[in-house]
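Thanks for sending this one over. Below are my notes, set out point by point so you can follow them with the model open beside you.

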Amino acid sequence: MIMASDNPVVPEASELVFGTIAFAIVLLVVAWKLVPQIRKTLDERTDAIEGGLKRAEAAQAEAQATLDDYQANLKEARHEASRLREQAREEGAQIVAEMREQAQAEARRIVESAQAQIEAERQQALQQLRAEVGTLSVDLASRVVGESLEDPARQSRVVDRFLEELEGRARSQEQITS
C-alpha cells in the first residue's frame, strides 16, 4: 500500500485540517461581509428596475393622457374651424345679398333719374317744337290770311288753336287704330 506521505497528490492530514479551517473562515467572512453587501446591491438594482418600470408606466400613462388631451383639443379646433368657415360663408352670403340690394337700388335710382331726365328733355323738346310750329304757323297764316299776325296775343291764340286741332286729330287717329 501506498502511504499518504509517499504520494505527492494526497495532502497531509495537518494541511487538510488547516485548509478546511481556513476555508471555513473565508466562507464565514464572505457570508458575513460580502453576501449582505451583494444582497443589498441586488435589492437596490431590483428596486431601481421596478421603480424604472413604474416611472415608465407613469410616463406612458402621462403621455397617453397628453395624447388624449391633444386629440380632444385637435377635435375641438377642427370643430371651431368648421364653425368659423360656416359663419364666414353665411357672412359672405349676407354681404353678397346686401351688395346685390345696393346695386339694385342704385340701378333703380339711375333708371328713375334717366326717366326724369328723358321726360324733362321731352318737355323741353315739345316746348321748342311748339315755339317753332307757332312761328311757322304764324308765318303761314299771315301769308294765307293776308294780314299781319305780329300781335303776340293774336299769335298765341292762333298757335294754341292750331295745336289743339293737331292734338285732337292725333287722338282720333289713336282711337281709330286701337
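The points below cover the salt bridges and then two surface patches.

1. A word on the source to begin with: this is a predicted model, so please read every distance and area here as computed from predicted coordinates.

2. How many salt bridges does the structure hold? The count is 5. I will go through some of them, starting with helix α1.

3. Glu80 pairs with Arg83 in a salt bridge, and their closest N and O atoms are 2.4 Å apart. The two residues sit 3 positions apart in helix α1, so about one helical turn separates them. Glu80 is partly exposed, at 33% relative accessibility. Arg83 is also in the partly exposed class, with 41%.

4. Further along helix α1 comes another pair, Glu86 and Arg89. Their side chains meet in a salt bridge with an N to O distance of 2.7 Å. Here too the spacing is 3 residues, or about one turn of the helix. Are the two partners buried or exposed? Glu86 has 36% relative accessibility and is therefore classed as partly exposed. Arg89 reaches 52%, which puts this residue in the exposed class because the cut-off for exposed is over 50%.

5. Helix α2, residues 152–177, has a salt bridge of its own to look at. Arg171 and Glu167 are the partners, with the closest N and O atoms 3.6 Å apart. They are 4 residues apart in this helix, so the separation is again about one helical turn. Glu167 is partly exposed, its relative accessible area being 34%.

6. Now to the surface of the model. Which residues form the nonpolar patch? They are Val26, Val30, Leu34, Val35, Ile38 and Leu42, and together they offer about 480 Å² of accessible area. Leu42 belongs to helix α1, which covers residues 13–145. With a relative accessible area of 48%, Leu42 is partly exposed; a patch member needs over 30%, so Leu42 clears that cut-off.

7. My last point concerns charge. Asp43, Glu44, Asp47 and Glu50 gather on the surface as a patch of negative charge. Asp43 lies in helix α1 and is partly exposed, with 44% relative accessibility. That value passes the patch cut-off of over 30%, so Asp43 meets the accessibility condition for membership. When you look at this stretch, do view the charged patch along with the nonpolar one from the previous point.

Technical notes. Residues are numbered from 1 along each chain as its sequence is written. This is a predicted model: local features need pLDDT of at least 70, side-chain atom pairs count only at pLDDT 80 or more; totals for chains, interfaces and linings use all residues. Side-chain values use heavy atoms; hydrogens and water are left out. Patches are made of residues with over 30% relative accessible area and no salt bridge: like charges are joined within 9 Å, nonpolar side chains (Val, Leu, Ile, Met, Phe, Trp, Tyr) within 5 Å. Accessible areas come from the Shrake-Rupley method with a 1.4 Å probe; for residues, only the protein chains shown count as cover. A salt bridge is a side-chain nitrogen of Lys or Arg within 4 Å of a carboxyl oxygen of Asp or Glu. Buried means under 20% relative accessible area, exposed over 50%, partly exposed in between (1.4 Å probe, protein chains only). Lys and Arg count as positive and Asp and Glu as negative; His and the chain ends are not counted. The place of a charge is taken as NZ of Lys, CZ of Arg, CG of Asp or CD of Glu.
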